[in-house]
Amino acid sequence: MDRPTPGAQAQILRKPRLPPGAAATLLLMVVLCAPLVWHADRLIARHGLAARLADLPPLELLAAFCLLALPFVALRLLRVRWQAEQ
């Protein structure tokens, strides 16, 4: 059985801090996702909740796809590192 030694200090477990740019990246993702939310809201208002993807015009589907890819393309172009080295 392990007994604590008298000279040992208790280790304090701390939460790891986010990198300095994490808050800015999160805010940028929210801003870049806003047009997709607006477009989806517009599609729901125009076609209703029961609309199928096959019923949508091709340009609206293309616009939705581009808006979906926008945040990821922008972060790639800004060279944001998704997985920082440990």
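The following dialogue introduces a predicted model and shows how its helices, contacts and salt bridges may be read.

Visitor: Where should a reader begin, and how many helices and strands are there in the protein?

Guide: One begins with the secondary structure. This predicted model has 2 helices and 0 strands. Helix α1 covers residues 22-47, and helix α2 covers residues 58-77.

Visitor: How do the axes of α1 and α2 cross?

Guide: For a pair of helices, one considers the approach of the axes and the angle between their directions. Here the axes of α1 and α2 come within 9 Å, and they cross at roughly 175°. An angle over 145 degrees counts as roughly antiparallel, and α1 and α2 are therefore roughly antiparallel to each other.

Visitor: Which residues in α1 meet which residues in α2?

Guide: On the side of α1, the residues include T25, L28, M29, L32, L36, H39, R42, L43 and R46. On the side of α2, E60, A63, A64, L67, L68, F72 and L75 are among them. The residues of this contact of α1 with α2 divide into 16 nonpolar, 3 polar and 3 charged.

Visitor: How is a single residue of this contact to be read, and is H39 buried or exposed?

Guide: One asks for its place, its accessibility and its contacts. H39 lies in helix α1. Residues under 20% relative accessible area count as buried. H39 has a value of 4%, so it is buried. Leaving out residues up to four places away in sequence, H39 touches E60, A63, A64 and L67.

Visitor: What does A64 touch in its turn?

Guide: A64 is part of helix α2. Not counting residues up to four places away in sequence, A64 touches L36 and H39. A separation along the chain may also be set beside a separation in space. A64 and V37 are 27 residues apart along the chain, and their C-alpha atoms are separated by 9.6 Å.

Visitor: The charged residues remain. What is the general idea of a salt bridge, and how many does a search of the whole structure find?

Guide: Side chains of opposite charge can pair when their charged atoms come close. A search of the whole structure finds 3 salt bridges.

Visitor: Which residue forms a salt bridge with R42?

Guide: The partner of R42 is E60, with the closest N and O atoms 3.8 Å apart. This pair links distant parts of the chain, R42 being in helix α1 and E60 in helix α2, 18 residues apart. R42 is partly exposed, with a relative accessible area of 29%.

Visitor: Why does E60 count as buried?

Guide: E60 counts as buried because its relative accessibility is 9%, and the cut-off is under 20%. Leaving aside its neighbours within four places in sequence, E60 is in contact with H39, R42, L43, R46 and H47.

Visitor: Which other side chain meets E60 in a salt bridge?

Guide: The side chain of R46 meets that of E60 at 2.2 Å, N to O. This pair, too, links distant parts of the chain: E60 belongs to helix α2 and R46 to helix α1, 14 residues apart. Salt bridges that share partners join R42, R46 and E60 into one network.

Visitor: What salt bridge does R52 form, and is R52 buried or exposed?

Guide: The side chains of R52 and D55 meet in a salt bridge at 3.3 Å, N to O. R52 is exposed, with a relative accessible area of 52%.

Visitor: How may the protein be described as a whole, and what share of its residues is buried?

Guide: Of the 86 residues in the protein, buried residues make up 13%. The protein exposes about 8,200 Å², and carbon and sulfur atoms supply 65% of this area.

Note on methods:
Residues are numbered from 1 along each chain as its sequence is written. This is a predicted model: local features need pLDDT of at least 70, side-chain atom pairs count only at pLDDT 80 or more; totals for chains, interfaces and linings use all residues. Side-chain values use heavy atoms; hydrogens and water are left out. Helices (H or I, at least four residues) and strands (E, at least two) are DSSP runs, numbered from the N terminus. Contact means heavy atoms within 4.5 Å. Buried means under 20% relative accessible area, exposed over 50%, partly exposed in between (1.4 Å probe, protein chains only). A salt bridge is a side-chain nitrogen of Lys or Arg within 4 Å of a carboxyl oxygen of Asp or Glu. Axes are lines fitted to C-alpha atoms, for helices over the stretch in contact, and angles run from 0 to 180 degrees between N-to-C directions. Angles under 35 degrees count as roughly parallel, over 145 as roughly antiparallel, 65 to 115 as roughly perpendicular and the rest as oblique. Ala, Val, Leu, Ile, Met, Phe, Trp, Tyr, Cys and Pro count as nonpolar, Asp, Glu, Lys and Arg as charged, and the others, Gly among them, as polar. Accessible areas come from the Shrake-Rupley method with a 1.4 Å probe; for residues, only the protein chains shown count as cover.
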